[in-house]
Structures are given as structure tokens and as C-alpha cells.
Amino acid sequence: MNNLVLNNTIRFIALLFLQVLIFNHMNIFGNVNPMVYITWVFLFPFRKKRSLLLILSFLLGISIDFFSDSGGINAFAITFIAYFRLPILMAILRRPDLDYGQFNLRTISTNKAFLFIATLTLIHHFIVFGLEYFSFSAILSIISNTILTSIFTILICTLGIVLFTKKK
Amino acid sequence: MRRIIYLIKKFRYFLLFIILEILAFIIIIQDHSYHQSKFVNSANFFTGGLYNKANSINEFFHLRKDNQLLSEENARLKNLLEKRENTYAIDSFTVIDTSQYFQKYDYSVAKIINNNYTKRNNFITLNKGAKHGLTPDLGVVNSKGIIGVIKNVSANYATVLSILNSNSNINVRLKNSNHFGTLVWDGKDYNITQVIDIPRQAVVKAGDTIVTGGKSAIFPEGIEVGVVKDFKYAQNKYQIINILLFNDMSAIGEVQIVKNLHKDEQVTLEQSVVNE
């Protein structure tokens with residue numbers, strides 16, 4: 001249990017610093033900055049009680065906002081996917097209930113895990129860019145930014161999860 | 001009563017979710033209004049400190065470019081000085097009258113410790129703050145043009161509303177004809193901004209220089225901003241004028257902060273006219 005708390009604390013801080021110091025300044029193709037901090041939502045232990053996930057996700061989002069001067073945009077988006085993480089996972093797995101405790105992303109098939117990550121990333125990025133542009137006339141910019149950035153976020157997140165978590 | 005408690009218990013995660021989202025949304029709305037100073041900004045002790053540390057490493061890699069910029073500016077200033085000395089040599093007189101002398105703008109230097117230019121609304125963080133005399137609504141420029149306007153200050157740091165931001169409206173004019181317009185940004189390319197509201201009788205050509213206008217109480221008049229890249233003229237007015245900035249907004253380091261010492265006087269006067 002202690003190990004779990006320590007692990008998640010380190011992950012929280014590491015993701016925050018990685019995002020604001022490295023990934024916010026990447027500028028692939030001139031303007032693409034992958035938002036890898038949402039890996040937090042993918043890796044946070046699946047529990048029946050979701051309040052801790054919601055509060056911590058909100059805190060991570062607002063910390064990112066402090067650094068990148070973006071108001072509450074990241075906080076809004078990450079809280080959103082944190083809440084809908086479980087329903088989306090259930091829909092992808094086509095299961096009514098989870099085996100909480102043992103479950104993590106590495107125990108399900110790669111395809112399903114990838115689909116799960118991709119869905120959440122697309123939703124998150126769409127909210128972020130939608131709130132950033134804040135107008136319907138910019139819908140094309142919003143969609144193109146969402147897709148382009150999502151590709152890199154998904155790639156880097158998947159790679160990071162494969163490299164840094166143990167397969168059970 | 002028990003039913004209510006039961007309902008709250010049943011939907012407690014959903015309620016928590018809604019509360020957090022509303023909180024985030026309030027911060028977003030507050031952030032979008034220009035006149036309110038923001039609560040969530042990077043000009044605080046922790047974020048500013050971290051950016052400062054990270055920047056001291058990053059800065060090392062830009063020494064060559066910074067030197068280049070400094071020597072260019074130096075050359076320009078030396079040329080100006082040379083011209084002045086020449087005029088004095090011809091006229092050759094001295095005026096000692098301190099009552100005639102007045103200083104309108106005060107410049108101080110600062111360093112950019114965090115720069116964004118790829119988002120729709122970009123902010124810049126500076127390594128100076130209220131302790132060094134900075135207040136909101138001061139102009140930020142460098143040797144090649146304007147950067148933005150200070151929005152939030154903390155004791156040691158300040159955030160700047162970059163010209164690459166949807167809330168940025170800066171008064172500019174054509175260098176050769178005094179027609180005023182407003183500098184805005186459409187969010188597409190960080191080297192290209194737009195000028196709107198140029199009157200239709202103005203003659204605009206590709207390659208014309210755009211400078212800051214004297215209408216705002218923030219920037220001195222005549223700071224060069226960029227050149228006209230292309231424009232669209234339709235339905236008897238200028239639809240859009242694209243400006244290629246002199247500044248490369250992705251590579252700015254040292255900046256100057258302009259304080260208009262007559263700002264209060266000007267604003268008070270303008271207010272009194274409006275109130276009458």
C-alpha cells in the first residue's frame with residue numbers, strides 16, 4: 001500500500017515536470033506539443049471509490065494550468081476524462097464489472113488498451129482545443145489540432161506505459 | 001431527509017465531478033476577461049522559480065544569437081549617436097534648461113524565462129516583478145519590435161500577454177501615412193499577425209512598414225512591428241492585412257519594459273473628456 005502511494009506521488013510530480021519543462025516546448029512540426037500528463041489517468045489504480053482520482057486529476061490539471069497560463073482548461077479536460085474513464089473502459093471491454101485490485105492496463109489485450117488510451121486522448125484534446133479557441137468558426141483548427149496532437153500523445157503515452165510498467 | 005442523504009450518497013462521485021468541473025469553468029471564464037487579473041498564472045513563486053532554473057540552462061544555448069542581437073542593436077544606436085553628433089557639430093550650441101527637459105518613457109530590462117507561441121492564447125513569463133517596479137499594463141519590447149503587454153505581476157515574476165493572443169489588441173499605424181489600425185492574431189502562424197480596422201482610404205502596399213501608433217498609452221509611437229506581407233481588399237474595405245513580424249517570436253530572450261511616465265496624466269485627461 002505504501003509502495004503504491006509512493007509510486008503515484010512520484011508519477012504525479014514526474015509527469016508534471018516532464019510536461020511543463022519538456023513536452024510544452026517540443027513544437028513538433030512547429031506547433032504540436034503532446035500532452036503526455038494524461039498518462040496519469042490511464043495508470044491511476046482502478047478502484048471502486050473514484051473521489052481520489054477525481055481530486056488528484058483536478059490538481060494535476062490545475063498545476064499544468066499554472067505553468068502554462070491556460071486558465072482552467074487542462075483541469076477541466078483531465079477531470080472530464082478521469083470521470084469517464086471507467087464507463088469507457090467497461091464499454092471497450094464489454095464487461096459489466098471489473099476485478100478491482102488486480103486490474104491494470106497491462107492485464108487486458110494490447111488492442112483494447114490502445115483503444116482505451118486513444119479514446120480518452122481524443123476526448124481530452126478536443127476539450128482542450130475547443131476551450132482554447134472558444135469559437136465555432138475555428139472548428140477546423142480545433143479538429144486538425146486535436147488529431148495531430150493526439151497522434152503524438154498516443155504514441156508517446158503508449159511507449160511510456162510499455163517501457164515503464166511491468167507486465168503481469 | 002434520509003432520501004436526500006441517500007441520493008447524495010448515490011451520486012457522490014457525479015456531484016464531486018460536477019463541482020470540480022464548475023470550479024475549472026469559473027477559472028476559465030475569469031481567465032478570458034481581460035480586465036480581471038487572473039488567479040491561475042505562472043507569475044508566482046513556485047512556477048516562476050522553476051522556469052527561472054530551467055531557463056538558466058536553456059539560455060546557455062542561445063548565447064551566440066543573443067550576442068548577435070546585442071551587437072546589431074549596438075550598431076543601430078551608434079549610428080543614431082553619430083547622426084546626433086553631426087547635427088550638434090553644425091549648430092554647436094548648448095542649452096542648459098532643466099525645466100524644458102522631460103522624460104516620457106522609462107525603460108528597464110528583463111529576461112524571458114518561459115515563452116509560448118504555438119497555442120491560441122500565448123503568455124510569456126519574465127524574471128522581474130513588482131519588486132523591480134513592474135505593474136500590469138506596461139509594454140514589453142525588444143530591439144526588433146513589440147512583444148506584448150504585462151498582465152500579472154507577483155513579487156519577483158510577471159506574465160506578459162503576448163501579441164500572439166486572441167485578447168491582444170495593439171494600436172498600430174502605417175509608417176508612411178499615419179492611418180491607424182489594430183494589431184491582432186488569427187492563431188495560425190507565429191510569424192504572421194494581422195492588422196484590422198485600417199480605413200479604406202489608406203493606401204497599403206506589400207512591403208510597407210507597420211509601426212506602433214501613438215494612440216495607446218502603453219507603447220511609444222514608432223516602434224517598428226513588421227512589414228505588410230499581403231492583403232485582401234474587397235467590398236470597398238481592407239478585409240485582412242497580413243503582417244510579417246520583424247521579431248522571431250520563437251526566439252526571444254532579453255526584453256525591455258516600457259513605462260509611460262505620463263500615462264496617468266493622459267488617461268485622466270481622456271477620462272474627463274468622456275465624462276463630460
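How many positive and how many negative side chains does chain A have, and how far apart do the centres of the two sets lie? Chain A has 13 positive and 5 negative side chains, with 16 Å between the centres of the two sets. The legends below describe views of a predicted model.

**Figure 1. Chain A is made of helices, with 0 strands.**
Chain A contains 6 helices, and its pattern along the sequence reads α-α-α-α-α-α. The radius of gyration of chain A is 16 Å, close to the 15 Å that the globule rule gives for 168 residues, so chain A is as compact as a globular protein of that length. The C-alpha trace of chain A spans about 45 × 30 × 30 Å along its principal axes. Of the 168 residues in chain A, 52% are buried. Contacts in chain A between residues at least 6 apart in sequence include 67% that join residues at least 24 apart. The exposed area of chain A is about 8,100 Å², and carbon and sulfur atoms supply 71% of it.

**Figure 2. Chain A and chain B bury about 3,200 Å² between them.**
The size of an interface is often given as the accessible area lost when the parts come together. Here, 67% of the area buried between chain A and chain B is on carbon and sulfur atoms. A:Phe66, A:Phe67 and A:Asp69 supply 23% of the area that chain A buries against chain B, more than any other three residues. On the chain A side 35 residues are in contact with chain B, and on the chain B side the number is 37.

**Figure 3. Chain B combines 5 helices with 12 strands.**
The C-alpha trace of chain B spans about 95 × 50 × 45 Å along its principal axes. Buried residues account for 40% of the 276 residues in chain B. For contacts in chain B between residues at least 6 apart in sequence, 61% join residues at least 24 apart. Chain B exposes about 16,300 Å², of which carbon and sulfur atoms supply 57%. Its side chains include 32 positive and 25 negative ones, and the centres of these two sets are 13 Å apart.

**Figure 4. B:Glu73 is a buried residue in helix 4 of chain B.**
Helix 4 of chain B covers residues 63–91. Is B:Glu73 in that helix buried or exposed? The relative accessibility of B:Glu73 is 18%, and buried means under 20%, so B:Glu73 counts as buried. With its neighbours within four places in sequence left aside, B:Glu73 is in contact with B:Ser143 and B:Gln256.

**Figure 5. B:Asn176 lies in a loop between strand 6 and strand 7 of chain B.**
The two strands that flank this loop are strand 6 (170–174) and strand 7 (180–184). B:Asn176 counts as exposed, at 57% relative accessibility. The residues B:Asn176 and B:Ser56 are 120 residues apart along the chain, and their C-alpha atoms are separated by 41 Å.

**Figure 6. B:Asp197 has a positive phi, near 65°.**
Most residues other than glycine have a negative phi. In B:Asp197, a residue other than glycine, the value is positive. B:Asp197 is found in the loop that runs between strand 8 (192–196) and strand 9 (209–212) of chain B. With a relative accessibility of 56%, B:Asp197 counts as exposed.

**Figure 7. B:Gly214 is in the loop between strand 9 and strand 10 of chain B.**
The relative accessible area of B:Gly214 is 33%, and this residue is partly exposed. Which residues does B:Gly214 touch, not counting residues up to four places away in sequence? B:Gly214 touches B:Asn171, B:Phe180 and B:Glu221. The C-alpha atoms of B:Gly214 and B:Arg76 are separated by 23 Å, and the two residues are 138 residues apart along the chain.

**Figure 8. B:Asn236 is not a glycine but has a positive phi of about 65°.**
The loop that holds B:Asn236 is between strand 10 (224–234) and strand 11 (237–245) of chain B. B:Asn236 has a relative accessible area of 48% and is partly exposed, because the exposed class begins over 50%.

Methods:
Residues are numbered from 1 along each chain as its sequence is written. Chains are lettered from A and ligands numbered from 1 in the order in which they are written. This is a predicted model: local features need pLDDT of at least 70, side-chain atom pairs count only at pLDDT 80 or more; totals for chains, interfaces and linings use all residues. Side-chain values use heavy atoms; hydrogens and water are left out. Helices (H or I, at least four residues) and strands (E, at least two) are DSSP runs, numbered from the N terminus. The radius of gyration is taken over C-alpha atoms; the globule rule is 2.2 Å times the number of residues to the power 0.38. Buried means under 20% relative accessible area, exposed over 50%, partly exposed in between (1.4 Å probe, protein chains only). Contact means heavy atoms within 4.5 Å. Accessible areas come from the Shrake-Rupley method with a 1.4 Å probe; for residues, only the protein chains shown count as cover. Lys and Arg count as positive and Asp and Glu as negative; His and the chain ends are not counted. The place of a charge is taken as NZ of Lys, CZ of Arg, CG of Asp or CD of Glu. Buried area is the accessible area (1.4 Å probe) that two parts lose on being put together, summed over both.
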